[in-house]
Amino acid sequence: MTFTESAQERDEATTPELDTSPDSQPTAQASVVASVPRIVLVGPPGAGKSTIGRRIASALNLPIVDSDLLIEQSEGKACGEIFSEVGEERFREIEAGCVARALATGGVVSLGGGAILTASTRQLLQRHTVVWIDVSAEEGIRRTANETSRPVLNADDPAQHYRDLLATREPFYREVADYHVRTDQRPPQRVVAEILGIIESSEE
C-alpha cells in the first residue's frame, strides 16, 4: 500500500460533524469528547497524514478529526473549490477557525498541509503533542503528480512548485513539531507503530 490518496478517500475518514458556525463554541458530537487531541499530525501534501491518522485512530479506538473535512462541512463544498473561489488569504482564515475547533476535541487530529502558515494556529499547537509527517520532495512530487483537487499545487512546473512549497513551510513544521517522522519508502504500518510509540512515551 502507498500513501497516495484521493479526495474521496479523505471524505471516507471518520471526522464527526462539529458546529463550525462563527458563533459556536467548541463542542463535542458523536464519539468525540471535548478534551485535547492525543496527537496532532502536520506535514506537506502527499506525506500521508490522512492515511496515517486513520490508522492511528483505529488502533486507539478514537475518532479522526481532519481539519480539511471540517472546512468542507462548514462551507458545503470541497476545499479546493473554496480555495479557488475566495483566495488563499480568506481560505486560511476559514481554516484557522476550523483548526481551533479541531484542537478542542479529543481524538487524533490531522491538519491541512498549509495550516501551520497561520500564526494563531502555530500558537495553539504549542499546547499539543505534534508530529510532523514528512516526505522528501521527490517522493511528495510522485505522490501528488495526479492530484487535481488541490489548487495550491497547481503550477506550470509542479515539481519545482512543490520544492518551493516545502522550502517555505519546513521552518514552520519545525517550529510546531515535537517529533519528526519520515514516510519515504516505509509502509504505513511501520510509521503508525512509530507514532503509537511516541504517544505512549509522551503520556508516561
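This report walks through a predicted model of one protein chain, from its overall layout to a few individual residues.

## Overall layout

Let's begin with the big picture. The protein chain contains eight helices and five strands. Following the sequence from start to end, you will meet them in the order α-β-α-β-α-α-β-α-β-α-α-β-α.

The chain has 204 residues, and 49% of them count as buried. Contacts also reach across the sequence: among those between residues at least 6 apart, 77% join residues at least 24 apart.

## K49 and its surroundings

A good place to zoom in is K49, which sits in helix α2. Is this lysine buried or exposed? K49 has a relative accessible area of 8%, and because buried means under 20%, K49 counts as buried.

Which residues does K49 touch, once neighbours within four places in sequence are set aside? Its contacts are L41, V42, G43, P44, S110, L111, G112, G113 and I133. There is also a spacing to look at in the structure: the C-alpha atoms of K49 and V131 are separated by 9.8 Å, while the two residues are 82 apart along the chain.

K49 also appears in the UniProt record. There, an unreviewed entry places the feature "binding site" at G46, A47, G48, K49, S50, T51, R150 and R186. One of these, A47, belongs to the loop between β1 (39-42) and α2. With a relative accessible area of 0%, A47 is buried.

## G113, R169 and a further annotation

The UniProt annotation "binding site", again from an unreviewed entry, also covers D68, R92, G113 and R169. Two of these residues are worth a visit, starting with G113. This glycine is in the loop between β3 and α5, and G113 is buried, with a relative accessible area of 13%.

Leaving out residues up to four places away in sequence, G113 is in contact with G43, K49, R169 and Y173. So what does the model say about R169, one of those partners? R169 is part of helix α7, which spans residues 158-176. R169 is buried too, at a relative accessible area of 4%.

## T118 in the loop before α5

T118 is found in the loop that links β3 (108-110) to α5 (119-125). The relative accessible area of T118 is 17%; because the limit for buried is under 20%, this threonine counts as buried. Beyond residues up to four places away in sequence, T118 touches R92 and A96. R92 is among the residues that the UniProt "binding site" annotation covers.

## How α2 packs against α8

Helix α2, besides holding K49, packs against another helix. How are two packed helices described? They are characterised by the angle between their axes and the distance between those axes. Helix α2 (residues 49-60) and helix α8 (residues 188-202) pack at an angle of about 55 degrees, and their axes are 10 Å apart. That angle makes α2 oblique to α8. The crossing of α2 past α8 is right-handed.

On the α2 side, the contact is made by T51, I52, R55, I56, A59 and L60. Their partners in α8 are P188, Q189, V191, V192, I195, L196 and I199. By residue type, this α2 and α8 contact divides into 10 nonpolar, two polar and one charged. T51, on the α2 side of this contact, is also listed in the UniProt "binding site" feature.

## Two residues with positive phi

Most residues other than glycine have a negative phi. Which residues here have a positive phi without being glycine? One is N61, whose phi is about 55 degrees. N61 lies in the loop between α2 and β2 (64-66). N61 has a relative accessible area of 71%, and because exposed means over 50%, N61 counts as exposed.

Another is Q185, a residue other than glycine with a positive phi near 55 degrees. Q185 lies in the loop between β5 (179-182) and α8. At a relative accessible area of 79%, Q185 is exposed.

Key. Residues are numbered from 1 along each chain as its sequence is written. This is a predicted model: local features need pLDDT of at least 70, side-chain atom pairs count only at pLDDT 80 or more; totals for chains, interfaces and linings use all residues. Side-chain values use heavy atoms; hydrogens and water are left out. Helices (H or I, at least four residues) and strands (E, at least two) are DSSP runs, numbered from the N terminus. Buried means under 20% relative accessible area, exposed over 50%, partly exposed in between (1.4 Å probe, protein chains only). Contact means heavy atoms within 4.5 Å. UniProt positions are given in the numbering used here, feature names are shortened, and annotations may be inferred rather than shown by experiment. Axes are lines fitted to C-alpha atoms, for helices over the stretch in contact, and angles run from 0 to 180 degrees between N-to-C directions. Angles under 35 degrees count as roughly parallel, over 145 as roughly antiparallel, 65 to 115 as roughly perpendicular and the rest as oblique. A crossing is left-handed if the near helix is turned anticlockwise from the far one by less than a right angle, and right-handed if clockwise. Ala, Val, Leu, Ile, Met, Phe, Trp, Tyr, Cys and Pro count as nonpolar, Asp, Glu, Lys and Arg as charged, and the others, Gly among them, as polar.
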